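Colleague: I'd like a close look at one part of this model, the stretch nearest the N terminus. Start with the overall picture, then zoom in and tell me what surrounds that part.

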Amino acid sequence: MKSIYDVQQLLKQYGTIIYIGDRLADLELMESELSDLYQAKLIEPREYSTALLILRHEIRFLREEEEKR
């Protein structure tokens with residue numbers, strides 16, 4: 001797993017498709033859904049941590065971009 005697309009595909013395997021239209025909100029909702037899957041023990045700890053790292057990196061990047069404006 002290397003990209004947001006890969007995280008989306010992981011969530012899609014469990015029937016979760018997220019598109020609100022706001023990129024930051026989409027990523028935050030994906031993070032929440034990912035956490036729910038992990039707590040339900042549907043995904044492995046390594047998958048969870050990798051996906052979470054990817055999401056948080058992108059969230060941080062978007063927030064920094066917003067601050068620059």
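Modeller: Helices are DSSP runs of H or I with at least four residues, strands are runs of E with at least two, and both are numbered from the N terminus. With that in hand, the order from the N terminus is α-α-α. The radius of gyration, over C-alpha atoms, is 12 Å, close to the 11 Å from the globule rule (2.2 Å times the number of residues to the power 0.38), so the protein is as compact as a globular protein of 69 residues. As a count, that's three helices and zero strands.

Keep in mind that this is a predicted model, where local features need pLDDT of at least 70, side-chain atom pairs need 80 or more, and totals for chains, interfaces and linings use all residues. Numbering starts at 1 along each chain as its sequence is written, and side-chain values use heavy atoms, without hydrogens or water.

Along the principal axes, the C-alpha atoms fill a box of roughly 40 × 20 × 20 Å. Of the 69 residues, 33% are buried, meaning under 20% relative accessible area with a 1.4 Å probe and protein chains only; exposed means over 50%, and partly exposed is in between. Take the contacts (heavy atoms within 4.5 Å) between residues at least 6 apart in sequence: 54% of them join residues at least 24 apart.

Now the part you asked about. Helix α1 covers residues 4-13, and its buried residues are I4, V7, L10 and L11. These four span an arc of only 115 degrees around the axis, judged by the directions from the helix axis to the C-beta atoms, which puts them on the same side of α1. Turn to the other side of α1 and you find Y5 and Q13, both exposed. As for what covers the buried residues of α1, the cover includes α2 (23-39) and α3 (45-68).

Follow the chain out of the helix and the backbone does something worth a click: just after α1, G15 has a positive phi of about 80 degrees. The loop between α1 and α2 is where T16 sits, and T16 is buried, with a relative accessible area of 16%. Setting aside residues up to four places away in sequence, T16 touches L11 and E33. That ties in with the helix, as L11 is on the list of buried residues in α1. For the E33 side, T16 and E33 are 17 residues apart along the chain, with 8.0 Å between their C-alpha atoms.

I17 belongs to the loop between α1 and α2 as well. I17 is exposed, at a relative accessible area of 72%. Its C-alpha atom lies 25 Å from that of E65, with the two positions 48 residues apart in sequence.

While you're looking at what lies around α1, two further spots deserve a glance. In helix α2 there's E31, and E31 is buried, with a relative accessible area of 19%. Leaving out neighbours within four places in sequence, E31 is in contact with L52, L55, R56 and I59. The other spot is K41, in the loop between α2 and α3. Its phi is near 60 degrees, a positive value in a residue other than glycine. K41 is exposed, with a relative accessible area of 74%.

To pull it together for your part: α1 has I4, V7, L10 and L11 buried, and Y5 and Q13 exposed on the other side. In the loop that follows, T16 is buried, whereas I17 is exposed.
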